[in-house]
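Thanks for coming. I will go through one model this morning, starting with the sheet, then the helices, then a few backbone details.

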Amino acid sequence: MTGTEAGYRRAVQTRSPLAALLASVLVTFTGAQALAVVPAGHDRPAAPAARAAESDVTSVVAISLDGLNPTALTRLGRARTPYLHDLMDAGASTLNARTEHELTITLPNHTGMVTGRRIQASTGGHGVTWNDDRRRPATVQAAAGGPVESVFTSVHGSGGSTALFASKTKFSLWKRSWPASIDLTRIRLDNTVLTRAVVRDIRREDRELRFVHLSLPDNVGHERGFMSRAYLRAVEQVDGLVGQIVDSVESDPTRAGSTAIIVTSDHGGRGASHSDARSIENYRIAFMVAGPGVDAGADLYDLNDDYKDPGNRRTTYDQRRQPVRNGDVANLALDLLGLPAVPGSEHNFLQDLDVSATE
């Protein structure tokens, strides 16, 4: 697809397979960059890296729908969640992805999305185990006990622009952790107001990466119960907010032909909570990606032999073939942009989550 072709709603298969980019990622990680030390609490942009010439993607919008139980999409159907179903039709997706193994709560899983790391610091994770506005540890680096880079530092280090839009104040942790690499931060509790800010930014600014967090399903789930009628109405509402973001991209032919959209969640939920990491209602999530070079209507597991559909299993990190996880977001976004993986990451590094069939 060229930069003048509009539409996520048509099949696009012209981009070279993402698997071909893995070789450059591996070369990068055998060099000195992987060994550099960053003082805790400070971010160092990754060494500048040219985008792959064959990539049509110049911008990624990653959207996390906090507390989205994928069963809600099945129950509501296309009629009541048209935009999310359109994204699944236009791109590659699964409704059987997984959260991080350790915890099914918001801040730890979102930090995994942007670092490509598991949670537990003792096993190489990012170390963010809390889920509130505490100021100690002050940074992700302090929580991990060492340097932690992110998708923001990788994009910014390549000369790109980044933005964070969040609807919970706890996300200020990221701005403290990577202050030089997040060019714009907007935290608004009202999801509608936040979405308007995202739409304005898409229309006015050229950015390589936007990370958007919408909390509406989680907010209502805690107040009225996950999978309750009120919760399902909230999922309908957040579908409309996603639609506003998608429409702001599709209304500009150039942006439509060069922007990829990733949608996932930090956890599911049923009843009063989502904190039991052993419950499938909590650890099963959706994962969608649409844009240039992404196979329309494809199942992510069908496209990726090195990933395994986990069925109903929770799965640990020890399995040779991992399920698609929300922690794949960071390196998938970088792969789409033709950039190397986040230094120190593990999710979607060796496996290389492809979004198009191998030619």
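Two strands count as paired here if DSSP finds at least two bridges between them. Please keep in mind that this is a predicted model. With that pairing rule, eight strands form an open sheet, with mixed pairing. The order across the sheet is β4-β3-β5-β1-β6-β7-β2-β8. At the edges are β4, residues 184–187, and β8, residues 298–299, each of which pairs on one side only.

For the overall tally, the chain has 14 helices along with the eight strands. Of its 359 residues, 61% are buried. Among contacts with a separation of 6 or more, 74% are between residues 24 or more positions apart.

Take the β8 edge. β8 runs parallel to β2, residues 92–98, and two bridges join them. One residue pair to look at is Ser93, whose bridge partner in β8 is Asp299.

Two helices that pack on the sheet come next. Helix α4, residues 106–115, touches β1, β5 and β6. Helix α8, residues 191–204, touches β3, β4 and β5. The direction of α4 makes about 165° with that of β5, and for α8 the angle with β5 is also about 165°.

Now β1, residues 59–65. How many of its residues are buried? Seven of seven, so to speak the full strand is covered by the cut-off of under 20% relative accessible area. In a regular strand the side chains alternate between the two faces of the sheet. In β1, Ser59, Val61, Ile63 and Leu65 point one way, while Val60, Ala62 and Ser64 point the other way. Both sets are buried.

β1 has a parallel partner in β6, with six bridges between them, and Val60 stands opposite Ala260 there. β5 also runs parallel to β1, joined to it by six bridges. On that side, Ser64 has His213 of β5 as its bridge partner.

Moving to helix against helix. Two packed helices are described by the angle between their axes and the distance between the axes. I have two such pairs, and α10, residues 229–250, is in each of them.

The first pair is α2, residues 71–80, with α10. Their axes come within 10 Å and cross at roughly 50°. What does that make them: parallel, antiparallel, perpendicular or oblique? Angles from 65 to 115 degrees count as roughly perpendicular and those under 35 as roughly parallel; roughly 50° fits neither class, so α2 and α10 are oblique to each other. The crossing is right-handed. On the α2 side, the contact is made by Ala72, Leu73, Arg75, Leu76 and Arg80. Facing them in α10 are Tyr231, Leu232, Val235, Glu236 and Asp239. By class, the contact has six nonpolar and four charged residues, and no polar ones.

The second pair is α9 with α10. Here the axes are 9 Å apart and the angle is about 170°. Angles over 145 degrees count as roughly antiparallel, and α9 and α10 are therefore roughly antiparallel to each other. From α9, Leu216, Pro217, Val220, Gly221 and Arg224 take part. They meet Ala230, Tyr231, Arg233, Ala234, Val235, Gln237 and Val238 in α10. This contact divides into eight nonpolar, two polar and two charged residues.

Staying with α9, residues 216–224, the buried residues are Leu216, Pro217, Asp218, Val220 and Gly221. Their cover includes α8, β5 and α10. Just after the helix, Gly225 takes a positive phi of about 105°.

That leads to the backbone details. Most residues other than glycine have a negative phi, and most peptide bonds are trans. Which residues other than glycine have a positive phi here? One of them is Met227, with phi near 75°, in the loop between α9 and α10. Its relative accessibility is 8%, so Met227 counts as buried. Another is Thr315, with phi of about 70°, in the loop between α13 and α14. Thr315 is buried as well, with a relative accessible area of 11%.

The last item is a cis peptide bond, from Arg136 to Pro137, with omega near 0°. Pro137 lies in the loop between α4 and α5. That is where I will stop.

Technical notes:
Residues numbered from 1 in each chain as written. Predicted model: local features only at pLDDT ≥ 70, side-chain atom pairs only at ≥ 80, totals over all residues. Heavy atoms only, no water. Helix = DSSP H or I, 4+ residues; strand = E, 2+ residues; numbered from the N terminus. Contact = heavy atoms within 4.5 Å. Axes fitted to C-alpha atoms, helices over the stretch in contact; angles between N-to-C directions. Left-handed = near helix turned anticlockwise from the far one by under 90°. Nonpolar A, V, L, I, M, F, W, Y, C, P; charged D, E, K, R; others polar. Buried < 20%, exposed > 50% of the residue type's maximum accessible area, 1.4 Å probe, protein only.
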